[in-house]
Amino acid sequence: MIFQNPWAWIGAAAIAVPILVHLLTRQRVDRTPFPTLRFLPVLPLATARRHRLTDLALLAVRCGVLLAATWALAQPYLVAAARRGDPATARAIVLDTSASMSRLTGSGVRALDEARARVASLERGPRRSDATTTVESARLALGVAGASAWLDRAAGRRELVVVSDFQRGALGPGELTGLAPDITVRTVKIDVPEASASKAEATAVSVGGGTTLVPTLQLLPDRTDVRWTATAVSVMTRPPETSIQILANPAERPYARAALQSAWRSAIPLSHALAPAIAIVFPGAPERAALRSAGRDLDQRWMFDLVASIRRDQVVARLTDGRPFAAPVVAMVANTPTLLLLLDPADRVVHAAVIAAAARNLVAPDAVEELEPDSISPGELARWTDPRSRSASADARRRAIPPDASDGRWFWGLALLLIGVEAFVRRRRRPAVEPSDERAA
Amino acid sequence: MNVLDSSVVAAIDDLELAARLVVEGLRSGLHRSPFHGFSTEFSQHRPYQTGDDFRHLDWKLLARTDRLYSRQFRETTNMSVMIVLDSSRSMDFPNGGISKFRYGSILSAALAYLAVNGGDRAGLMTMAGRQLRFVPARGGRSHLRALLAQIERLSPDRTWEPARTIGRAADLLKRRGLVLVISDFYDAEDETLRELKRVRHRGHDVAMLHVMSRPELTFSFRGAREFEDLETGGTRMLDAPRAAADYRAAMETFLDRWARSARRDGIEYARMVTDEPPARALRAFLLSRRTP
């Protein structure tokens, strides 16, 4: 329980008044001389005990009246579990989906998967009535900005939760200072052992004839090893596990491999479950004609963005006249809508440039840096985050209380009830009357 | 009949004056000694005259002589009345107003006054501490004053032995007289009743004036109280309203028991409450003595 007017508790000293009154005016049993006790029934202890109990009961009731009134004046606000999850609480969760989150945690689970589990539990929240939104972003700063914009439109209690491995450079104190003062900030760090090696699957290369080359990148602190694995599964039937597929015939395989390796040097496209699917189709790819005939116009913004960014790429722009590939279409590849970049039968260097440009624009440009194993220490993280987020301080809780909210009315009602009880108990203790007053006419 | 309220009478310090006022209040209708009536001695026969009481006709003589004769009785003008006054502590109740002892004292004084002024003799027997105090039954105004003075010197003290006091009072009556006991009769009920019966069987008239106060009859106390026995000092704490019903029932049984026992054994019994004017109470008692 929070007291919005704690100074009112000084009034509790008034409880000393009924105690003093009780001690000074405690009813004493009068002694009455009587001719004989022969006819008096034996009811000694219960009577005396009844009056002693009545006195104490009266004292307790009077103290209770003062206590209830003081409690009410202190403007209590009961922060119950139901209220902690007050419908007015808005929670924005920022999930880091950057490349570093693909690393494995100490339990062997991918950091991103563990983060999603944490987000799921946060979304469930202490109360169903919590308003919660989750922002997934590879750039934490952008995610925080988006979450802040959402929280600006929310009412009542507001909370920002950031779930990340907090790679150095991913988030700085500057991104948090711009938040409104009443927004509580919490950080949920996904711990990834710094010295562990990370594995990442990169884009598979389909070289036609039912063969797919899958490169596996092992990122170590001092180097990156790439190992290629060939699988004999048609890319047309196997669901794409990678962002970029390269469709080529066996004669074009060397060029495709070389172009892909060139692309790795400038960017390392990593697997993202939500990453869009694109296919770079060499002129000799056996599936080209069928895919082209079945293709449709682009219909998603990222597709236009990617095409535009590739065409604007400096290397591509210098090698071509701005048209490195034919009109792109969207076609179903293994039941997945896929953006097709149809390479024209032209200079194979252009092909490599397109592949590299696609890789660069599809993934975060600083993917290598994202794989940097150095993360923000917990102590430093704690200094960045708002101190209010460490625990629900009294100030924060008080600010979270709606202006007119107070449970004092219940204690005023209790005080009134106790006043009635006091009057009832006091009436039962009628003073004795001298027998001379009772003389009959 | 103008009778004075008991509180007024009790306020009169002079007991003789108070007694006289009481007697004057009850004298109407009492043309002759109230202590006489059926307690008389046969004197002689005389021829029946119109107006004679038929109860006094001697029927045996009528059968023998065929003539009507009335019996004449000699009034015992020097009837001895021994007043036994309870001066135990239980009589010193209630605190406010007229106590039973004061009321009894006034009754004693009034009865003595009535007796002596009616030509009878009056005496007093009481117990102070554990000692008997008595004034022999005599007549005359000087004796009356001495007797009243003795009553005035009395004050309730401790307990008493009613059987012993009553028995001694009867012993001091040289001839057949009236033993009049004024008490609340709380002490030694069985012994007291036995002694009263014994005195009755010895030929004396016995009368009980059972003096009670209104508060101990109604028990209208309120709240929790600690009652202290005036004679024993014992205490009992209880809730008076809760105890009232049981108390009144026990008191009623006590009073009824005495009344029945007295009637059964030929003892005159009168209950007198201290808030009743003494003259009225005495008058009722004395008139009831007339009725056989």
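Here are four short exercises with worked solutions on this predicted model.

**Exercise 1. A helix with two sides**

Task: Work out which residues of H15(A) are buried and how they are arranged around the helix axis.

Solution:
- Start with the helix itself. H15 of chain A runs over residues 408–428, and its 21 residues reach 31 Å from the first C-alpha to the last, close to the 30 Å expected at 1.5 Å a residue.
- Next, pick out the buried positions: Gly408(A), Phe411(A), Ala415(A), Leu418(A), Glu422(A) and Val425(A).
- Now look down the axis. The buried residues of H15(A) fall within an arc of 85 degrees, so they line one face of the helix.
- A general point helps here: an α-helix has 3.6 residues a turn, so residues three or four places apart point the same way.
- Finally, turn to the face directed away from the buried side. The exposed residues there are Arg409(A), Trp410(A), Leu416(A), Leu417(A), Arg427(A) and Arg428(A).

**Exercise 2. Two aromatic pairs**

Task: Classify the ring pairs Phe34(A)–Phe93(B) and Trp71(A)–Phe411(A), and place each partner in the structure.

Solution:
- For orientation, the whole structure holds 16 aromatic pairs over all chains.
- Take Phe34(A) and Phe93(B): with 5.4 Å centre to centre and 75 degrees between the planes, the pair is edge-to-face.
- This pair crosses between chains, joining Phe34(A) in strand S2 of chain A to Phe93(B) in the loop between strand S3 and helix H4 of chain B.
- Check accessibility against the 20% limit for buried residues. Phe34(A), at 0%, is buried, and so is Phe93(B), at 3%.
- Then take Trp71(A) and Phe411(A). Their ring centres are 5.3 Å apart and their planes at 10 degrees, so this pair is stacked.
- Its partners sit in distant parts of chain A, with Trp71(A) in helix H2 and Phe411(A) in helix H15, 340 residues apart.
- Trp71(A) is partly exposed at 26% relative accessibility, while Phe411(A) is buried at 17%.
- To widen the view, ring pairs link a cluster that includes Phe34(A), Phe39(A), Phe93(B) and Tyr186(B).

**Exercise 3. Comparing salt bridges**

Task: For the salt bridges Asp58(B)–Arg71(B) and Arg130(B)–Glu161(B), find the N to O distance and the setting of each partner.

Solution:
- The search over all chains gives 28 salt bridges.
- Asp58(B) and Arg71(B) meet at 3.9 Å, N to O.
- Asp58(B) lies in the loop between strand S1 and helix H3, and Arg71(B) in strand S2, 13 residues apart.
- Asp58(B) is buried at 12%, whereas Arg71(B) is partly exposed at 31%.
- Arg130(B) and Glu161(B) meet at 2.8 Å, N to O.
- Both of these partners are in loops: Arg130(B) between strands S4 and S5, Glu161(B) between helices H5 and H6, 31 residues apart.
- Arg130(B) is exposed at 56%, and Glu161(B) is partly exposed at 23%.
- As an extra, Arg38(A), Glu189(B) and Arg257(B) are linked in a network of salt bridges.

**Exercise 4. A glutamate facing another chain**

Task: Describe the surroundings of Glu226(B).

Solution:
- Locate the residue: Glu226(B) is in strand S8 of chain B, residues 224–229.
- Its relative accessible area is 16%, so Glu226(B) is buried.
- Look for a polar partner: the side chain of Glu226(B) makes a polar contact with that of Arg31(A), at 3.3 Å.
- Beyond its sequence neighbours within four places, the contacts of Glu226(B) include Val29(A), Asp30(A) and Thr32(A), along with Thr235(B) and Met237(B).

Methods. Residues numbered from 1 in each chain as written. Chains lettered and ligands numbered in written order. Predicted model: local features only at pLDDT ≥ 70, side-chain atom pairs only at ≥ 80, totals over all residues. Heavy atoms only, no water. Helix = DSSP H or I, 4+ residues; strand = E, 2+ residues; numbered from the N terminus. Buried < 20%, exposed > 50% of the residue type's maximum accessible area, 1.4 Å probe, protein only. Polar contact = N/O pair within 3.5 Å; in protein donor to acceptor, adjacent residues only side chain to side chain. Contact = heavy atoms within 4.5 Å. Expected span 1.5 Å × (residues − 1). Arc of directions from axis to C-beta. Phe/Tyr/Trp six-rings, centres within 6.5 Å; stacked < 30°, edge-to-face > 60°. Salt bridge = Lys/Arg side-chain N within 4 Å of Asp/Glu carboxyl O.
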